[in-house]
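Here are my notes for you on this one. Keep the viewer open while you read, and take the points one at a time.

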Amino acid sequence: MLDRTQDISIAAQTWLDEFERILGRADPATLGPLFLGDGFWRDVLALSWNLQTIAGRDAITQELAARAPKAAPTHFKIALNRAPPRWVTRAGTNCIEAIFHFETAIGRGSGIVRLVPDAADGDRLKAWTLLTALDELKGFEEQLGTSRPRGQAYSRDFRGPNWLDQRNASRAYADRDPAVLVVGGGQAGLAIAARLKQLKVDTLIVDRETRIGDNWRKRYHALTLHNQVQVNHLPYMPFPPNWPVYIPKDKLANWFEAYVDAMELNFWTGTEFEGGSYDEAKGHWTVTLRRADGKRTMHPRHVIMATGVSGIANIPDIATLDNFKGTLVHSSRYEDGENWTGKRAIVIGTGNSGHDIAQDLHSSGAEVTLVQRSPTLVTNIEPSAQLAYATYNEGTLEDNDLIATSMPTPLAKKTHVMLTEQSKQLDKELLDGLSRIGFKLDFGEAGTGWQFKYLTRGGGYYFNVGCSNLIVEGKIKLRQFSEIEGFVAEGARMTDGSIIAAHLIVLSTGYKPQEYLVRKLFGDGIADRVGPIWGFGDGFELRNMYARTKQPGLWFIAGSLAQCRINSKYLALQIKAIEAGILARALAMPLSTA
């Protein structure tokens with residue numbers, strides 16, 4: 001067994017050398033011995049121009065043999081400026097993990113190979129997983145560090161426009177339309193706009209809120225991020241090192257404002273995107289924007305929907321709810337428990353928002369009943385919920401993002417099953433207490449935990465920051481939705497005839513999938529063409545996210561700050577490749593028939 005860093009590096013580079021040599025032959029028969037039979041290859045644009053995961057040695061070698069002649073990958077070398085090759089445990093398997101660089105005909109990339117000894121072949125090291133990911137396009141490199149712009153266009157012309165004049169003109173769009181219109185100014189919109197800015201693609205963000213960051217600022221008073229600061233940076237501009245582990249919503253909202261200014265992003269607030277249509281012949285959209293001073297029609301070539309995993313509040317049709325004469329709000333409109341001190345409240349729904357709102361109301365002196373509609377995953381925010389981010393506590397952000405990108409979905413599921421079992425043991429006392437009082441628990445499909453609940457449905461779990469303890473202690477009452485017979489003017493009538501009185505009912509019932517918003521904004525034809533958004537369907541990649549869709553010029557980005565930071569890079573590269581004519585040329589070339 002290799003145990004010295006030098007020996008591990010030599011072994012990894014030897015595999016890469018052999019891989020590059022055989023790739024040049026494009027012969028599946030000779031590629032096969034480099035891979036385990038149950039291995040995976042994830043390619044992120046580098047060879048296929050897709051985000052795709054190939055499973056199984058035969059499928060991997062056939063796809064590599066087909067793609068390699070066009071992409072012409074070469075110069076596979078261990079990355080000297082990254083974490084060195086080392087033994088790690090991923091998804092329960094001990095393996096050598098090596099980060100490498102490589103080039104293709106049109107760009108430069110990074111990758112990770114994980115090597116495992118094959119006992120059936122004399123312990124020969126073979127690839128268990130392989131990632132090939134595009135980093136940059138040749139001739140269109142980002143101007144960063146020593147290649148940053150010098151600013152001479154405004155710093156040496158004393159009679160010409162200065163920097164501020166140029167910024168004001170750029171964001172006014174008085175004489176032009178943007179190449180890209182980004183709908184939504186949260187982390188998804190900011191991340192993709194920042195990436196496109198560095199690639200010199202003219203981009204405008206529009207958001208209906210009146211102030212940058214309001215999509216966080218206007219959420220309920222006590223909200224903080226549920227994952228830790230080291231995971232949540234935006235591209236190019238990490239949070240200061242003295243920031244708190246859990247970022248308060250208003251602090252994040254203010255950072256968004258500073259980020260837009262510092263990154264010189266064009267952003268229109270108070271702007272409602274009313275929808276649009278696509279002209280196939282001209283290759284652009286006709287979209288309508290409604291602003292306080294009237295409507296503006298634009299013709300961007302690309303529209304990026306950055307409105308979040310879910311677009312429209314899900315307000316279920318609950319029989320007799322209209323009998324209630326108190327205040328009824330969806331969780332997206334809930335603001336502050338201080339308004340309900342000394343009052344009674346019912347919160348329907350037991351995801352993160354439902355629990356947090358119930359706790360906020362209780363802390364403000366309201367009498368709260370939490371109503372559970374369906375089984376819910378509960379995990380303590382520390383340490384259990386943070387187990388999924390363990391790699392982000394070591395190494396660089398760049399390395400950790402690449403590691404996250406490299407994990408094929410089946411292995412990520414296996415990892416999260418293990419993490420869920422670990423968290424169940426850590427949280428045993430809490431979970432036993434919840435079960436004892438009738439709270440219905442679940443742990444995700446096939447035990448895959450909260451992460452895959454998020455990736456498949458955008459919710460259905462709660463990171464416990466104290467509400468579960470209040471429920472177990474009886475300080476927040478728990479009832480099941482099935483116990484409600486109907487609603488009356490003063491609250492909820494239960495099946496036993498009792499009435500839970502309420503001044504406020506909060507529907508923490510989640511959001512409709514994004515395809516509902518697409519149908520509303522673009523019509524049935526485009527919605528049907530695009531299909532489901534988010535979740536996995538029958539494949540290993542999120543549906544219609546970060547990649548080309550069946551509707552030209554329509555893109556989607558959503559997710560956590562980490563997901564948006566990582567995947568905005570690959571979405572921006574695709575749009576730049578289209579704008580530069582690279583992608584059309586690449587896709588026009590026939591695949592090898594080898």
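**Notes on helix packing and two buried residues**

1. Start with helix H6 (residues 187-198) and helix H17 (residues 561-579): they pack at an angle of about 40 degrees, and their axes are 8 Å apart. That angle is why H6 is called oblique to H17. As for handedness, H6 crosses H17 in the right-handed sense. Do bear in mind that you are looking at a predicted model.

2. Who does the touching here? On the H6 side, the contact uses Gln-187, Ala-188, Ala-191, Ile-192, Arg-195 and Leu-196. On the H17 side you'll find Leu-561, Cys-564, Arg-565, Ser-568, Lys-569, Leu-571, Ala-572 and Ile-575. Sort the residues of this H6 and H17 contact by class and you get nine nonpolar, two polar and three charged.

3. H6 also packs with helix H8 (residues 249-262), this time at an angle of about 15 degrees and with the axes 11 Å apart. Why is H6 described as roughly parallel to H8? Angles under 35 degrees count as roughly parallel, so H6 and H8 get that label. The crossing of these two, H6 and H8, is left-handed.

4. For the H6 and H8 contact, look for Gln-187, Leu-190 and Ala-194 on H6, facing Phe-256, Tyr-259 and Val-260 on H8. By class, the contact of H6 with H8 comes out as five nonpolar, one polar and no charged residues. Gln-187 is worth clicking on: it takes part in the contact with H17 and also in the one with H8.

5. Now zoom in on Ala-193, which sits in H6. Is it buried or exposed? Ala-193 has a relative accessible area of 3%, so it is buried. Apart from neighbours within four places in sequence, Ala-193 is in contact with Thr-203, Ile-205 and Leu-265. For a sense of distance, try Asp-121: it is 72 residues from Ala-193 in sequence, and the two C-alpha atoms are 49 Å apart in space.

6. Met-263 makes a nice companion case, since you'll find it in a loop, the one between H8 and strand E10 (266-268). Met-263 has 12% relative accessibility, so it counts as buried. Setting aside neighbours within four places in sequence, Met-263 is in contact with Ala-194, Lys-197, Gln-198, Tyr-236 and Met-237. Ala-194 should ring a bell, as it is part of the H6 contact with H8. Over to Val-378, 115 residues away along the chain, the C-alpha separation from Met-263 is 38 Å.

7. Another pair to check is helix H11 (residues 409-426) with helix H13 (residues 449-457), which pack at about 135 degrees with axes 7 Å apart. That angle makes H11 and H13 oblique to each other. Thr-409, Ala-412, Lys-413, His-416 and Thr-420 of H11 meet Gly-449, Gln-451 and Phe-452 of H13. The class split for the H11 and H13 contact is two nonpolar, five polar and one charged.

8. Finally, zoom out. The protein chain has 18 helices and 27 strands, and its C-alpha trace spans about 75 × 70 × 50 Å along the principal axes. A compact globule of 594 residues would have a radius of gyration near 25 Å, so the chain's 26 Å agrees with that. Buried residues make up 53% of the 594. Of the contacts with a separation of 6 or more, 67% link residues 24 or more positions apart.

Conventions: Residues are numbered from 1 along each chain as its sequence is written. This is a predicted model: local features need pLDDT of at least 70, side-chain atom pairs count only at pLDDT 80 or more; totals for chains, interfaces and linings use all residues. Side-chain values use heavy atoms; hydrogens and water are left out. Axes are lines fitted to C-alpha atoms, for helices over the stretch in contact, and angles run from 0 to 180 degrees between N-to-C directions. Helices (H or I, at least four residues) and strands (E, at least two) are DSSP runs, numbered from the N terminus. Angles under 35 degrees count as roughly parallel, over 145 as roughly antiparallel, 65 to 115 as roughly perpendicular and the rest as oblique. A crossing is left-handed if the near helix is turned anticlockwise from the far one by less than a right angle, and right-handed if clockwise. Contact means heavy atoms within 4.5 Å. Ala, Val, Leu, Ile, Met, Phe, Trp, Tyr, Cys and Pro count as nonpolar, Asp, Glu, Lys and Arg as charged, and the others, Gly among them, as polar. The radius of gyration is taken over C-alpha atoms; the globule rule is 2.2 Å times the number of residues to the power 0.38. Buried means under 20% relative accessible area, exposed over 50%, partly exposed in between (1.4 Å probe, protein chains only).
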